[in-house]
Amino acid sequence: MLLTAPDCFSSSLLPFASIKNSTAAVILKRFRLNSVSRTRTSRRFCRASLISSPDSFEVGRLIGSYGFMNITSYSGLRDIEYSSGDLGRLGVQDVGEGSVKIRLYEGRIAQGPLKGTSVMFKVYPGQRTGGIEADMMAANELNAHAFLQSSSKGLCQNLVVLVGGFETKTGEQWLAFGSDGKYSAADYAKLTSEKISKNHSAGESSWNRFEKEQILKRRRYFVIKLFQGAMSGLAYMHDHDRLHQSLGPSSVILNTIVEKDAAYLVPRLRDLSFSVDISFQNLEEDPGTFSEGLWRRAAAAGAFTPMEKRAFGIADDVYEAGLLLAYLAFVTFCEANVMDSLSLQRLLESTFRLDLQATREYCLADDRLLEAVKFLDLGEGAGWELLQAMLNPDFRQRPIAEAVINHRFTAGAVL
């Protein structure tokens, strides 16, 4: 059963007394939200505040756990001669497993007007287990959500909503988010590819041709709407001087994965642990804890002034969004295990050096990738055109998020 976020949140503000000694405590004191406007389809305006008492929540079953990957170098280009400027623009990276392990739990609010409302807990380990990095990641995510949710423009429906949080006696940071769905875009792509494999093993001859065309039509519409929603969330963040910096299929949560229900699909971005403040004041004064690697790559690409660094950061997010689009095409429309995110990134960056025309010709020769090619071929190659722009080796030539949303492929004009 898929859970949806409540229509509105309580206006009563609970004291932030439960978080005392962590880095997150500083953030909570800075962002005691008096109210956050939230517009719903009913055109009602609701008030929201962060709930910080652990007694206000009930914890349910463990959903799962996951970790993060650390960027370590640009050695993916070892076999190709590039200048330092090319290294910065291409952004090909080696990654390693990080030390912070995140746990996810179901839960609900146990007290107050919202009693019974479902939430999802994101649990960061204490410093003893995860080190100072875990505490800083929790604080950064809390900071980003609190800032975005205090916008005078109201909440963005394409971002998950932070309901509250607290710290346990062992130092764990528990962040509670509105339960906007339990499946990610990665889950959807994996389940869909497995379904394709199952149908193929059963024999395509048993398929009704018209039925197959309808399934593909629904899938294309679903994927484009998924991507459009993710880009809307990213555009909102950029409009508020925030980068995502860990955008991928696992960081997009979906309220449904039923393709027939695409009209009701609302993708939402999550995982703002590595979000970066790109306001000009912050760029001039504070480089930020999680942005050192970003600014090193910016310098390698020739971006030194605050304005150039801001443009590079936005372009870097758009590049990640381009990889997300490629993933949705080559995983969702192909059989299971034909393509994965790392193999796809190596194919695009190392093998074909971001030449999307050459990539297309290669994929055309592989029948297993044919439906992905056809998807990007819609609108006389509109998908490839958009991908080429988003993955442009020169960050200065990449479109901003808003331009991606308005592109004929994303806008659905190709359907």
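This section describes the fold, nonpolar cores, cavities and selected residues of a predicted model.

The secondary structure of the protein chain consists of twelve helices and twelve strands. Of its 415 residues, 53% are buried. When contacts between residues at least 6 apart in sequence are considered, 73% of them join residues at least 24 apart. The chain exposes about 19200 Å², of which carbon and sulfur atoms supply 50%.

In soluble globular proteins, nonpolar side chains tend to be buried together. In the present model, the largest nonpolar core holds 67 residues, and the members that touch the most others are Leu-226, Phe-227, Met-231, Val-252, Phe-330, Phe-375 and Phe-409. For Leu-226, the contacts beyond four places in sequence are with Ala-185, Tyr-188, Val-252, Leu-254, Leu-265, Pro-267 and Leu-328. A second core, separate from this one, comprises 15 residues, including Ile-102, Leu-104, Tyr-124 and Phe-177.

Three cavities of 30 Å³ or more were found in a search of the whole structure. The largest has a volume of about 130 Å³. Its lining is formed by 14 residues, among which Met-120, Val-160, Phe-177, Gly-178 and Arg-270 lie closest to the centre. Strands E5 (118–124) and E7 (173–178) each contribute at least two lining residues; the share of E5, three residues, is the largest. Phe-177 thus appears both in the second core and in the lining of the largest cavity.

Phe-177 is also a contact partner of Glu-141, a residue of helix H3 (residues 127–149). Glu-141 has a relative accessible area of 1% and is therefore buried, the limit being under 20%. Apart from neighbours within four places in sequence, Glu-141 is in contact with Lys-122, Tyr-124, Leu-175, Phe-177, Asp-271, Leu-272 and Ser-273. Tyr-124, like Phe-177, is a member of the second core.

A further buried acidic residue is Glu-259, whose relative accessible area is 12%. Glu-259 is located in the loop between strand E10 (252–254) and strand E11 (268–269). Beyond four places in sequence, Glu-259 touches Tyr-188, Thr-192, Ile-215, Arg-218, Arg-219 and Phe-222. The side chains of Glu-259 and Arg-219 form a polar contact at 2.8 Å. The C-alpha atom of Glu-259 is separated by 9.2 Å from that of Arg-220, although the two residues are 39 places apart along the chain. Tyr-188, a contact of Glu-259, is likewise touched by Leu-226 of the largest core.

Helix H9 spans residues 341–351, and its buried residues are Leu-344, Leu-347, Leu-348 and Glu-349. An α-helix has 3.6 residues a turn, so residues three or four places apart point the same way. At the start of H9, a side-chain oxygen of Asp-340 comes to within 3.1 Å of the backbone nitrogen of Leu-342. Just after the helix, Arg-353 adopts a positive phi of about 50°.

Positive phi values also occur at two loop residues. Asn-337, in the loop between helix H8 (306–332) and H9, has a phi of about 70° although it is not a glycine. With a relative accessibility of 79%, Asn-337 is exposed. Asp-241, also not a glycine, has a positive phi of about 60° and is situated in the loop between helix H5 (209–239) and strand E9 (242–243). Its relative accessible area of 23% classes Asp-241 as partly exposed.

Terms used: Residues are numbered from 1 along each chain as its sequence is written. This is a predicted model: local features need pLDDT of at least 70, side-chain atom pairs count only at pLDDT 80 or more; totals for chains, interfaces and linings use all residues. Side-chain values use heavy atoms; hydrogens and water are left out. Helices (H or I, at least four residues) and strands (E, at least two) are DSSP runs, numbered from the N terminus. Buried means under 20% relative accessible area, exposed over 50%, partly exposed in between (1.4 Å probe, protein chains only). Contact means heavy atoms within 4.5 Å. Accessible areas come from the Shrake-Rupley method with a 1.4 Å probe; for residues, only the protein chains shown count as cover. A nonpolar core is a set of buried Ala, Val, Leu, Ile, Met, Phe, Trp, Tyr and Cys residues joined through side-chain atoms within 4.5 Å. A polar contact is a pair of N or O atoms within 3.5 Å; within protein, one must be able to donate a hydrogen and the other to accept it, and residues adjacent in sequence count only if both atoms are side-chain atoms. On a 1 Å grid over the protein atoms alone, a cavity is a set of points where a 1.4 Å probe fits but cannot get out, and a pocket is an open set with protein on both sides within 12 Å along at least five of seven lines; lining residues have an atom within 4 Å of a point. Grid points are joined across faces, edges and corners, and a volume is the space filled by probe spheres set on the points.
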